[in-house]
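Reader: I'd like to go through this model with you. Can we keep it quick?
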Number of protein chains: 2
Amino acid sequence: MTDTARGRRSDATRAAILSAARERFAAGGYERATIRAIAADAGIDPAMVMRYYGSKERLFAAAAEFDLRLPDLSGVPVETVGQVLVRHMLERWESDETLTALLRAGATNEAAAERMREIFSAQVGPVLAPLCPDPAQVPVRIALVSSQVLGLALARYVLRLAPIAQLSHDEVVAWLAPTIQRYLLDR
Amino acid sequence: MTDTARGRRSDATRAAILSAARERFAAGGYERATIRAIAADAGIDPAMVMRYYGSKERLFAAAAEFDLRLPDLSGVPVETVGQVLVRHMLERWESDETLTALLRAGATNEAAAERMREIFSAQVGPVLAPLCPDPAQVPVRIALVSSQVLGLALARYVLRLAPIAQLSHDEVVAWLAPTIQRYLLDR
DNA sequence: CTTTCGCGTCAACGGCCGTTGACCTACATT
DNA sequence: AATGTAGGTCAACGGCCGTTGACGCGAAAG
């Protein structure tokens, strides 16, 4: 065997499946992304998807793994936290279709919704919590921030509400940063 | 015939279909709401749905007809516009599952997304436009308001993000009203 | 050289879907 | 009483779905 050390030959296929899966899940949500279509995109037989991921559910679970890569905010001036956060989320959202897949699928699929909840509570929570004044308000404040970030993504990337889908990053940051700032820090 | 004047006998069936359809579309989005399930809920045969609405697409179009019933805001003090608006949207969202159906379906169905765009541009626009300072900014400001309202709905009714789903109406209003206020009026 | 085994194809399964058309039934009209 | 029609049932169609198991192939292992 030339296996474990330097990539088995099937790793390329696995990656192709995952990439095609994310694309399909992002474009049409959970139910419209069919294993047959994903396999076709990846240039292989649908049975391969089953062999490597077991079921559609588990394929989605693998494709929906996601790291927001939130920066450490302890160093940045508190007045700019909103800007940094909004800009980071814009870039993260546009550099990787996984988040759109998660959002589209989360609207109709309970497992996807659960994953979304996990991501926002496990990854956003720890980074933002230290900034909030009253610890008791942390969950609510973070949920409010999430609601505005998710609303932006929904309007801009999923529903494609014309005016907001055409704003530049700078404009979005200028409008949303104060909102985030207030949800996190005010009072 | 005892027809046109006082309701044909089939009107009850039509209404039952529409009601069941809204429920299913709201619970699972467009693709998971099957005509067979809707017909079963309404206590009739699937063929009836086809007879009265022609196709699933046209059934959805009928079920997704919606009036936000936005109040005339010309009478209310400008400082309270945000509060009035947020409270109205909360009530509207919770009194009628059509909006949730539209949101869930809009995530994966282009026709539903288009309908959502129509509703927000045709119904929100005219009511809020007179309040904005610079007419050129009206579309952007309205889209920003929409993004926060949609984000709230997404987090609260679809993804059920725990902390925000449990807030009282008063709390939601207290948090969101200033945001809406700023998106609409500031600068 | 033979055997094993990872990688991949192929055909089929049972099931659910939207949609159709033939048929039944009860009542309003004539 | 005869008839037309609105309201509703029923069985079936073709199609796509997720999933399965039998099979083929080429390279590595023995």
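Reader: Which residues touch the most other members in the largest nonpolar core?
Author: Ala21(A), Phe25(A), Leu154(A), Phe25(B) and Leu154(B), in a core of 101 residues. A nonpolar core here is a set of buried Ala, Val, Leu, Ile, Met, Phe, Trp, Tyr and Cys residues joined through C-beta atoms within 7 Å. Buried means 20 or more other C-beta atoms within 10 Å of a residue's own; 12 or fewer is exposed, in between is partly exposed, and C-beta atoms are placed from the backbone.

Reader: Any ground rules before we go on?
Author: The model is predicted: local features need pLDDT of at least 70, side-chain atom pairs count only at pLDDT 80 or more, and totals for chains, interfaces and linings use all residues. Residues are numbered from 1 along each chain as its sequence is written, while chains are lettered from A and ligands numbered from 1 in the order in which they are written.

Reader: Back to the core. What is Phe25(B) in contact with, beyond four places in sequence?
Author: Tyr30(B), Ala33(B), Phe60(B), Ala63(B), Ala101(B), Arg104(B) and Ala105(B). Contact means C-beta atoms, placed from the backbone, within 7 Å.

Reader: At what angle do α1(B) and α4(B) pack?
Author: About 100 degrees, with the axes 10 Å apart. Axes are lines fitted to C-alpha atoms, for helices over the stretch in contact, and angles run from 0 to 180 degrees between N-to-C directions. α1(B) and α4(B) are therefore roughly perpendicular. The scale: under 35 degrees is roughly parallel, over 145 roughly antiparallel, 65 to 115 roughly perpendicular, the rest oblique.

Reader: Which residues make that contact?
Author: α1(B) gives Leu18(B), Ala21(B), Arg22(B), Phe25(B) and Tyr30(B); α4(B) gives Leu59(B), Phe60(B), Ala62(B) and Ala63(B). By class that is 8 nonpolar, no polar and 1 charged. Ala, Val, Leu, Ile, Met, Phe, Trp, Tyr, Cys and Pro count as nonpolar, Asp, Glu, Lys and Arg as charged, and the others, Gly among them, as polar.

Reader: And α2(A) with α3(A), what angle there?
Author: About 100 degrees, with axes 8 Å apart. So α2(A) and α3(A) are roughly perpendicular too. Ile35(A), Arg36(A), Ile38(A) and Ala39(A) of α2(A) meet Pro46(A), Met48(A) and Val49(A) of α3(A). The classes are 6 nonpolar, no polar and 1 charged.

Reader: Zoom out. How many helices and strands in chain A?
Author: 10 helices and 0 strands. Helices (H or I, at least four residues) and strands (E, at least two) are DSSP runs, numbered from the N terminus. The C-alpha trace of chain A spans about 60 × 40 × 30 Å along its principal axes. Of its 187 residues, 38% are buried.

Reader: What about contact range in chain A?
Author: Take contacts with a separation of 6 or more. Residues 24 or more positions apart account for 66% of them.

Reader: How many residues does each chain put into the A–B contact?
Author: 34 from chain A and 34 from chain B. On the chain A side, the largest share, 13 residues, comes from α8(A). That side has 20 nonpolar, 9 polar and 5 charged residues.

Reader: What does Glu31(B) touch?
Author: Glu31(A), Arg32(A) and Thr108(B), leaving out residues up to four places away in sequence. Glu31(B) lies in α1(B), residues 11–32. It is partly exposed, with 16 C-beta neighbours inside 10 Å. Its C-alpha is 8.0 Å from that of Ala105(B), 74 residues apart along the chain.

Reader: Now α8(B). How many residues, and what reach?
Author: 21 residues, 138–158, reaching 28 Å from first C-alpha to last. That is close to the 30 Å expected at 1.5 Å a residue; the expected span is 1.5 Å times one less than the number of residues. 17 of the 21 residues are buried, so α8(B) is largely enclosed by the rest of the structure.

Reader: What phi does Arg160(B) take, just after α8(B)?
Author: A positive one, about 50 degrees. Arg160(B) sits in the loop between α8 and α9 of chain B. It is partly exposed, with 15 other C-beta atoms within 10 Å.

Reader: And Arg69(B), buried or exposed?
Author: Exposed, with 11 C-beta neighbours inside 10 Å. Arg69(B) is in the loop between α4 and α5 of chain B. Its phi is positive, about 55 degrees, although it is not a glycine.

Key. Contact = placed C-beta atoms within 7 Å.
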